[in-house]
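Thanks for making the time this morning. I would like to go through one structure with you, and I will begin with a question once it is on the screen.

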Amino acid sequence: QVQLVESGGGLVQPGGSLRLACAASGIRFSIYTMAWYRQAPGKQRELVARINNSGGSTDYADSVKGRFTISRHNAKDTVYLQMNSLKPEDTAVYYCAAQFRYTTAPNYWGQGTQVTVSS
């Protein structure tokens with residue numbers, strides 16, 4: 001059974017930082033592209049960042065470039081999202097996803113973790 005379990009969400013003030021983690025099980029983690037998506041209330045789910053299986057390629061939504069960093073630790077079957085300089089518009093449920101190829105849709109999703117940026 002495939003499981004992607006996110007952690008690290010919470011309430012943070014504008015300008016603050018959070019680090020999300022997603023622990024995978026039931027898949028050969030090292031062959032999957034991993035991604036973070038988010039969905040704010042009343043909006044469509046959007047891609048935030050993705051990283052290829054080796055960690056050698058990454059890309060980001062324009063809205064988070066320079067503030068967020070995606071990374072992975074294949075020996076721990078875990079992907080991370082370091083979020084700095086958080087803004088109220090970053091408030092959303094953040095989802096971890098695993099996909100077979102870099103540019104295809106996710107095959108597996110986590111349950112999501114809430115990130116709220118508010119003073």
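Which residue lies over the face of W109? Before I answer, please keep in mind that this is a predicted model. The residue is R45, and its distance from the ring centre of W109 is 4.5 Å. W109 itself counts as partly exposed, because its relative accessibility is 36%.

W109 also has an aromatic partner. The structure holds four aromatic pairs, and one of them joins Y95 to W109 edge-to-face, because the ring centres are 6.4 Å apart and the planes stand at 90 degrees. Since Y95 lies in strand β9 and W109 in strand β10, which covers residues 108-109, this pair ties together parts that are 14 residues apart in sequence. Y95 counts as buried because its relative accessibility is 13%, and the cut-off for that class is under 20%. Apart from this pair, Y32, F100 and Y108 form one aromatic cluster.

Let me turn to the sheet. Four strands make up an open sheet in the order β1-β3-β8-β7, and the pairing is antiparallel. At its edges are β1, residues 3-7, and β7, residues 68-73, each of which pairs on one side only, and from one strand to the next the twist averages 15 degrees.

Going across the sheet, β1 pairs with β3, residues 18-25, over five bridges, with E6 opposite C22 of β3. Between β3 and β8 there are six bridges, and here L18 stands opposite M83 of β8. Six bridges also join β7 to β8, where S71 stands opposite Y80. The hairpin of these two strands, β7 and β8, has four residues between them, and one residue to look at is D77, which takes a positive phi near 55 degrees. Y80 has a charged neighbour as well, since R19 lies over the face of its ring, at 4.0 Å from the ring centre.

How many of the six residues of strand β8 are buried? Five are, so to speak of this strand, residues 78-83, as mostly covered is fair. The largest nonpolar core has 30 residues, and those touching the most other members are M34, W36, V79, L81, M83 and Y94. Among the elements that give two or more residues to this core are β3, β7, β8 and β9. For L81, leaving aside its neighbours within four places in sequence, the contacts include L18, L20, W36, V48, F68, I70 and Y94. As a general point, nonpolar side chains in soluble globular proteins tend to be buried together.

How values were computed: Residues are numbered from 1 along each chain as its sequence is written. This is a predicted model: local features need pLDDT of at least 70, side-chain atom pairs count only at pLDDT 80 or more; totals for chains, interfaces and linings use all residues. Side-chain values use heavy atoms; hydrogens and water are left out. Two strands pair if DSSP finds at least two bridges between them. Axes are lines fitted to C-alpha atoms, for helices over the stretch in contact, and angles run from 0 to 180 degrees between N-to-C directions. Buried means under 20% relative accessible area, exposed over 50%, partly exposed in between (1.4 Å probe, protein chains only). A nonpolar core is a set of buried Ala, Val, Leu, Ile, Met, Phe, Trp, Tyr and Cys residues joined through side-chain atoms within 4.5 Å. Contact means heavy atoms within 4.5 Å. Rings of Phe, Tyr and Trp (its six-membered ring) pair if their centres lie within 6.5 Å; planes under 30 degrees apart count as stacked, over 60 as edge-to-face and the rest as tilted. A charge sits over a ring if NZ of Lys or CZ of Arg is within 6 Å of the ring centre and within 35 degrees of the ring normal.
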